[in-house]
Each structure stands twice: as C-alpha cells, then as structure tokens.
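This briefing sets out the main architectural features of a single model. The sequence and the structure are shown first, and the commentary follows by topic.

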Amino acid sequence: MTADSANPAPSLSSTVRRARPEDAAGIARVHVAAWRETYAGIVPQSFLDQLDVAKRVPIWERATRFEVPQVHVAVADGEVVGFADGGPTRSPELAFGAEVYAIYLMRAQQGHGLGRALFDAVRRDQREAGRKGLMLWVLEQNRTLGFYQRLGGVTVGRKTIEIGGAALEELALGWKI
C-alpha cells in the first residue's frame, strides 16, 4: 500500500471524492503503476511485469457501482492519482469491524496530504456504517509502514503470504474508529 508521508493539506488542484464508474481506467492505471513503484525489489519482478491495467478496469468498474467496497479517488489536475477502498473486515479473527482493502497513491503525489485524505475517507465511511475498529494489511518491507504508524496504527497481527512465488511477511495494523 502506498500513501504519503506528510500531513499538509492537499493543494487546491487536488481533491479526494467518491469514485465513479468512469474513474475505473484511472484507478486501474494507478493500481498497476503504484504496485510497480512500491513493490519493486520486494515482490518478484516477473510478477510485477505481468500486471495488466486492461484486466483491472472491469474489476474497478464493478467496484465503483456498489456501496461496498466504498472506493475513493484522489484527483490532481483532473487525473486520478490515487485510490482507497474499504468495507467490512476480511479478518474477523482480529476483532476489527472494518478494513482498508487498498490504498495506493502515485509516488509523485505523496507528501501533499492526499494519502491521509484517502485514509480518512475510508475511516469516515466505516464509522458512518457503524463498524467498530479499522485495520489493514501491509507488507513488512513496504516503505509506507511508517506512514500508517504515524496515523496511529499499531501492529495487531502478522502472517506470511505468497506473491509471485515469494514468501513475504505481512503485518496487520489496527485503529479505533
């Protein structure tokens, strides 16, 4: 997951809003590009090379048509530069009601408050849905781990996952909401 590391407010030319189906191509583009930026040197390059924007567009078209997951986009100068989505937890054993499923922001847009704004949008949605507690999974080697910790996330779980044939450690971070 990629997010920004600073807390300044987003610029006037950027905003965070609910995603619409017409944002799907932009979300898919960010999804693939952010994976390649974030996970280079962590995830096998062969896995990153096979990521396909066109295959992700229909997934995001569907996701933006429904209430859950709740998808938000960061838009700068009219272009989707980040997204976040969340909903009910997929890890009920950790006793959190809500989960950030994904949060990605292009590296060039980091440090301007958009990552925090995306995170806050998901947290607000989950609070309004009456869910107690918010969590997310992040690769232990992901350089954005500190961003989540600065937002108050504490480690509440750990597991080993496989991506592209590599065994990687993933941490669960949790927040009260």
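Helices, taken as DSSP runs of at least four residues in state H or I, are numbered from the N terminus, as are strands, taken as E runs of at least two residues. On that numbering, helix 1 is followed by Gly 41, whose phi is positive, near 85 degrees. The model is predicted. Its strands include seven that make up an open sheet with mixed pairing, and a search of the whole structure finds six aromatic pairs.

**Helix 1**

- Helix 1 covers residues 24-39, 16 residues in all, and spans 22 Å from its first C-alpha to its last, close to the 22 Å expected at 1.5 Å a residue.
- The buried residues of this helix include the aliphatic positions Ile 27, Val 30 and Val 32, together with Trp 35 and Tyr 39.
- Gly 26, His 31 and Thr 38 are also among the buried residues of helix 1.
- Trp 35 and Tyr 39 are linked with Phe 47 into a cluster through ring pairs.

**Arg 29**

- Arg 29 belongs to helix 1 and is partly exposed, with a relative accessible area of 29%.
- Outside its neighbours within four places in sequence, Arg 29 is in contact with Val 53, Glu 79 and Val 80.
- With Glu 79 the contact is polar: the two side chains approach to 3.2 Å.
- Arg 29 and Arg 150 are 121 residues apart along the chain, and their C-alpha atoms are separated by 27 Å.

**The sheet: order and edges**

- The strand order in the open sheet is 1-2-3-4-5-7-6.
- Strand 1 (14-18) and strand 6 (154-163) are the edge strands, each pairing on one side only.
- Neighbouring strands of the sheet are turned by 25 degrees against each other on average, with direction ignored.
- Strands of a sheet pair through backbone hydrogen bonds, in either the parallel or the antiparallel sense.

**The sheet: pairing from strand 1 to strand 5**

- Strand 1 and strand 2 (residues 70-76) run antiparallel and are joined by five bridges; Arg 18 has His 72 of strand 2 as its bridge partner.
- Strand 3 and strand 4 also run antiparallel, with seven bridges between them; here Pro 88 is partnered by Ala 98 in strand 4.
- Strand 4 and strand 5 pair in the parallel sense over two bridges, and Ala 98 has Leu 134 of strand 5 as its bridge partner.
- Ala 98 therefore has a bridge partner on either hand, Pro 88 and Leu 134 in strand 5, within a strand that is largely enclosed by the rest of the structure because eight of its eight residues are buried.

**The sheet: strands 5, 6 and 7**

- Strand 5 (residues 134-139) is joined to strand 7 by six bridges in an antiparallel arrangement, with Leu 139 partnered by Glu 170.
- Nine bridges join strand 6 to strand 7, which again run antiparallel; Gly 157 has Ala 172 as its bridge partner in strand 7.
- Strand 6 and strand 7 form a hairpin with two residues between them, and Gly 164 in the turn has a positive phi of about 60 degrees.
- Strand 7 (residues 166-175) is largely enclosed by the rest of the structure, because eight of its 10 residues are buried.

**Aromatic pairs**

- Among the aromatic pairs is that of Phe 83 and Tyr 104, which is tilted, at 5.6 Å centre to centre with 40 degrees between the planes.
- Phe 83 lies in strand 3 (residues 79-88) and Tyr 104 in strand 4 (residues 98-105), so this pair ties together parts that are 21 residues apart in sequence.
- Phe 83 is buried, with a relative accessible area of 0%, and Tyr 104 is buried at 6%.
- Phe 147 and Tyr 148 form an edge-to-face pair, at 5.3 Å centre to centre with 70 degrees between the planes; both residues are buried.

**Gln 110**

- Gln 110 is situated in the loop between strand 4 and helix 4 (114-128).
- At 14% relative accessible area, Gln 110 counts as buried, because the cut-off for that class is under 20%.
- A polar atom of the Gln 110 side chain lies 3.0 Å from the backbone oxygen of Leu 105.
- The side chain of Gln 110 also makes a polar contact of 2.9 Å with the side chain of Arg 143.

How values were computed
Residues numbered from 1 in each chain as written. Predicted model: local features only at pLDDT ≥ 70, side-chain atom pairs only at ≥ 80, totals over all residues. Heavy atoms only, no water. Expected span 1.5 Å × (residues − 1). Buried < 20%, exposed > 50% of the residue type's maximum accessible area, 1.4 Å probe, protein only. Pairing = 2+ DSSP bridges. Axes fitted to C-alpha atoms, helices over the stretch in contact; angles between N-to-C directions. Contact = heavy atoms within 4.5 Å. Polar contact = N/O pair within 3.5 Å; in protein donor to acceptor, adjacent residues only side chain to side chain. Phe/Tyr/Trp six-rings, centres within 6.5 Å; stacked < 30°, edge-to-face > 60°.
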